[in-house]
Amino acid sequence: MTSNTTRTESAYDVVLIGGGVMSATLGALLKLLQPDWSIGMFGRLDDVAKESSNAWNNAGTGHSALCELNYTPSRADGTIDISKAVGVNEAFQLSRQFWAYLVESGVIASPRAFLNPIPHMSFVWGDENCDYLRRRYEALKDHPLFSGMRFSTDPAQLAQWMPLVMEGRTAGTKLAATWIAAGTDVNFGALTHLLVNFLSGQPGFDLKLSHEVEDLKQDASGSWRLAVRDLTSNATVSVGARFVFIGAGGGALPLLQKTGIPESKGVGGFPVSGQFLRCTNPDIVSRHHAKVYGKASVGAPPMSVPHLDTRVIDGKEGLLFGPYAGFSTKFLKQGSLWDLPKSIRMDNLGAMLAVARDNMPLTRYLVQQVLQSNETRLNALRDFVPNAQAKDWELITAGQRVQVIKKDAKKGGVLQFGTEVVTGANGTVAALLGASPGASTAVSIMLTVISKCFPSELPRWDAKLREMIPSYGAPLADRPELCAQVHERTTRSLQLES
């Protein structure tokens with residue numbers, strides 16, 4: 001018999017909402033920094049990492065701007081702006097350092113359980129695109145964070161780097177590619193399980209699966225009171241917390257709105273779903289060992305840059321191509337069709353209407369993607385794999401991504417592609433919104449949460465943070481010697497030697 005009665009549990013120092021890599025990363029950092037703090041993690045599904053962190057719900061790219069062309073736009077004068085690429089790479093280096101520390105300290109037994117070395121490549125065709133890629137290479141090749149990058153237009157060299165991509169390709173089209181060995185493939189689902197397993201072995205940590213946070217309110221003392229429904233018994237639990245992190249993927253926006261904090265006003269979300277073509281045929285998989293990124297179509301969002309990826313999941317290699325964008329009003333893959341309508345409020349309606357008005361190319365692109373045939377999808381794949389046959393590739397649905405919509409003084413509202421942390425003024429609540437580069441830069445994002453929400457603790461935590469993350473506090477780009485040392489150490493500890 002089920003019950004809807006309410007009972008009260010003891011309060012936690014920290015409550016993590018969501019069972020993905022973001023909550024797991026913050027939980028691990030805080031437990032290492034402050035072992036005596038109590039932490040509760042609440043997930044609505046029956047296991048962790050079943051939404052966007054799941055291995056097949058994302059492409060597993062260790063986003064470090066080695067191959068993603070949308071991070072290096074061309075300026076009007078023809079020069080390449082590498083500032084965003086440097087920032088993304090710096091953020092990924094923080095993740096590498098923290099993961100290396102976890103391996104070195106025995107928290108993670110084998111890095112190969114979640115991380116594998118996979119070369120990252122950019123691949124373009126046509127005179128204009130090839131010229132752009134050459135200029136991009138010249139802008140990056142001498143930067144310490146991009147050391148080792150190579151460029152070629154020689155078909156023979158390209159065939160060595162990506163044989164599957166070059167097989168059956170018609171001669172005469174100008175091609176260009178960059179290649180760098182420092183790339184990685186990350187199983188964020190496996191990483192999440194490793195981090196949660198570590199937390200579960202520590203005193204003062206509770207993992208509550210099949211528990212959905214339905215509401216949260218701040219009391220007079222500044223602490224939070226959460227209404228949590230046990231989905232197994234249907235009982236409602238009242239949980240207290242000094243600090244709450246809302247890391248529930250697309251589900252973070254509705255919970256942020258329920259906090260009532262001023263920073264939540266005017267924030268909306270635009271959900272975009274994704275699909276991939278997957279190949280597990282060993283004969284085909286064995287002929288490709290790289291993550292190859294191209295250029296996005298005109299009107300396509302940055303998250304829809306086409307790429308052909310080697311994936312390593314549970315020790316077995318496979319290939320993904322995509323993403324093919326789609327649209328659903330769900331904020332989570334296992335969410336509700338009412339998620340988007342229920343998120344529309346008077347304070348964000350204007351911003352959402354402004355975004356709808358100003359993003360018609362995106363709307364047309366999504367409609368085209370939703371209506372495209374299997375043959376159209378296969379033709380897009382053949383730009384990368386000319387000999388691709390339908391029988392070798394299956395269509396799979398990836399995780400939902402909710403892009404952030406925010407008020408804008410000039411435009412009324414803007415659609416943001418990326419990841420954003422929203423924190424309350426008193427630092428007792430933080431929510432993570434947005435998408436890529438997301439999981440790859442989880443450590444950098446969580447350090448931002450820590451700095452904003454626990455400033456009084458930072459002096460005590462400083463030494464431990466520097467032990468775990470040697471470059472903490474200052475960019476590697478400004479310290480080439482430390483950059484080289486960190487790269488060598490993390491490559492060795494994470495077994496990323498090519």
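Student: Which residues line the second largest cavity?
Tutor: In this predicted model, Leu253, Val267, Gly268, Gly269, Val402, Val404 and Leu433 line the second largest cavity. On a 1 Å grid over the protein atoms alone, a cavity is a set of points where a 1.4 Å probe fits but cannot get out, and lining residues have an atom within 4 Å of a point. Residues are numbered from 1 along each chain as its sequence is written. Local features need pLDDT (the predictor's confidence in each residue, from 0 to 100) of at least 70, side-chain atom pairs count only at pLDDT 80 or more, and totals for chains, interfaces and linings use all residues.

Student: Which strands each supply at least two residues of that lining?
Tutor: Strand E13 (268–279) and strand E18 (401–408) do; strands are DSSP runs of at least two residues, numbered from the N terminus.

Student: What about the largest cavity, what volume does it have?
Tutor: About 40 Å³, counted as the space filled by probe spheres set on the points, with grid points joined across faces, edges and corners. Its lining is Gln257, Ser264, Lys265, Val267, Arg345 and Asp347, so Val267 lines both cavities.

Student: Switching topic, how many disulfides are there?
Tutor: A search of the whole structure finds 0, a disulfide being a pair of cysteine sulfur atoms within 2.5 Å. For Cys67, the nearest cysteine sulfur, that of Cys130, is 17 Å away.

Student: And why is Cys483 not bonded?
Tutor: Because its sulfur is 18 Å from the closest cysteine sulfur, in Cys67, which is too far for a bond.

Student: Is Cys483 buried or exposed?
Tutor: Buried, at 7% relative accessibility; buried means under 20% relative accessible area, exposed over 50%, partly exposed in between (1.4 Å probe, protein chains only).

Technical notes. Heavy atoms only, no water. 1 Å grid on protein atoms, 1.4 Å probe; cavity = no way out; pocket = protein on both sides within 12 Å on 5 of 7 lines; lining within 4 Å. Helix = DSSP H or I, 4+ residues; strand = E, 2+ residues; numbered from the N terminus.
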